[in-house]
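Please open the structure in the viewer and keep the selection panel at hand. The tour below proceeds selection by selection.

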Amino acid sequence: MARLAKITLLVRDYDDAIAFYRDRLGFVLIEDTHLGEGKRWVVVAPDQQGGGQLLLAKADGAEQDAAVGNQAGGRVVFFLETEDFERSYQQMLANGVRFLEAPRHEAYGSVVVFADLYGNKWDLIAPKRP
C-alpha cells in the first residue's frame, strides 16, 4: 500500500522557513542535510509519527520564486488537523501566526484560515468526529 509521504513547499530561505514551522507552528525538524552548492534537504512535520511531511525547497530561478507564497493560486493549500482546536488556535496566536479570519464552526468541524510566512493559506481544522 502506498502513502503520500512528503510534499514540496517552495521557500525563499531555509532558515527562515525552519524557524516559522518549528517555532510558530510547533513542527519538528526531521532532517536538515547540506547537499552542497547552497542546497539542503530540509524536512519538517507536525510530529515524529510519520504522517505528512513538508520538504522545504529553496526556490531556484524566477519561475519558482514567483510561486513562493502562491503555490495553490490563492486557495487553501494545506490542512493542519488538530484534536484540540481551541488549544492549537491559542498557541498559534501566542506564537504570532497571522490568521486571515475568525474561527468558524461548520458542519464538518471547527476551522480557521492562517497564512504561512510567505502567504500560502492553511486551514487549522478540528474535524467533527462521528
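**Helix H1 and its surroundings**

Begin with H1, whose buried residues pack against E1, E2, E3, E4, E8 and E9. The model in view is a predicted one. Select residues 14–24 to display helix H1, then highlight Tyr14, Ala17, Ile18, Phe20 and Tyr21, the buried residues of this helix. Viewed down the axis of H1, these buried residues fall within an arc of 160°, and they therefore line one face of the helix.

**The four-stranded sheet**

Next, display the sheet. Four strands form an open sheet with mixed pairing, and their order is E1-E4-E3-E2. Colour strand E1 (6–11) and strand E2 (28–36) separately, as these are the edge strands, each pairing on one side only. From one strand to the next, the twist averages 25°.

Now restrict the view to E2 and strand E3 (residues 39–45), which pair in the antiparallel sense over seven bridges. Which residue of E3 is the bridge partner of His34? Selecting His34 and Arg40 together shows the pair, Arg40 being the bridge partner in E3.

**The nonpolar core**

Proceed to the interior. The largest nonpolar core has 30 residues, and Tyr21, Leu54, Leu56 and Phe114 are those with the most contacts inside it. At least two residues of this core come from each of E1, helix H1, E3, strand E4 (53–58), strand E5 (76–81), helix H3 (85–94), strand E8 (109–115) and strand E9 (121–127). Which element supplies the largest share of this core? That share, five residues, comes from H1. Domain 1 (1–68) and domain 2 (71–129) each contribute at least three residues to this core.

Centre the view on Leu56 and show its contacts. Apart from neighbours within four places in sequence, Leu56 is in contact with Leu9, Val11, Tyr14, Ala17, Ile18, Tyr21, Val42 and Val44. Among these contacts, Tyr14, Ala17, Ile18 and Tyr21 also belong to the buried residues of H1.

**Helix H3 and its flanks**

Move to H3 and select Phe85, Ser88, Tyr89 and Met92, which are buried. These residues cover an arc of only 100° around the axis, which puts them on the same side of H3. Rotate to the face turned away from the buried side of H3 to find the exposed residues Arg87 and Ala94. Return to the buried side and display H1, strand E6 (98–99), E8 and E9, against which the buried residues of H3 pack.

Two further selections flank this helix. In the loop between E5 and H3, select Asp84. Is Asp84 buried or partly exposed? With a relative accessible area of 34%, Asp84 is partly exposed. Add Ile125 to the selection: the C-alpha atoms of Asp84 and Ile125 are 9.3 Å apart in space, while the two residues are 41 residues apart in sequence. Just after H3, select Gly96, where phi is positive at about 85°.

**The two domains**

Finally, colour the protein chain by its division into domain 1 (1–68) and domain 2 (71–129). The C-alpha centres of domain 1 and domain 2 lie 19 Å apart. How many residues does each domain bring to the contact? Domain 1 brings 19 residues and domain 2 brings 14 residues. With both domains coloured, return to the nonpolar core, which draws at least three residues from each of them.

Note on methods. Residues are numbered from 1 along each chain as its sequence is written. This is a predicted model: local features need pLDDT of at least 70, side-chain atom pairs count only at pLDDT 80 or more; totals for chains, interfaces and linings use all residues. Side-chain values use heavy atoms; hydrogens and water are left out. Two strands pair if DSSP finds at least two bridges between them. Axes are lines fitted to C-alpha atoms, for helices over the stretch in contact, and angles run from 0 to 180 degrees between N-to-C directions. A nonpolar core is a set of buried Ala, Val, Leu, Ile, Met, Phe, Trp, Tyr and Cys residues joined through side-chain atoms within 4.5 Å. Buried means under 20% relative accessible area, exposed over 50%, partly exposed in between (1.4 Å probe, protein chains only). Domain bounds come from an automatic or database domain assignment. Contact means heavy atoms within 4.5 Å. The arc is that of the directions from the helix axis to the C-beta atoms.
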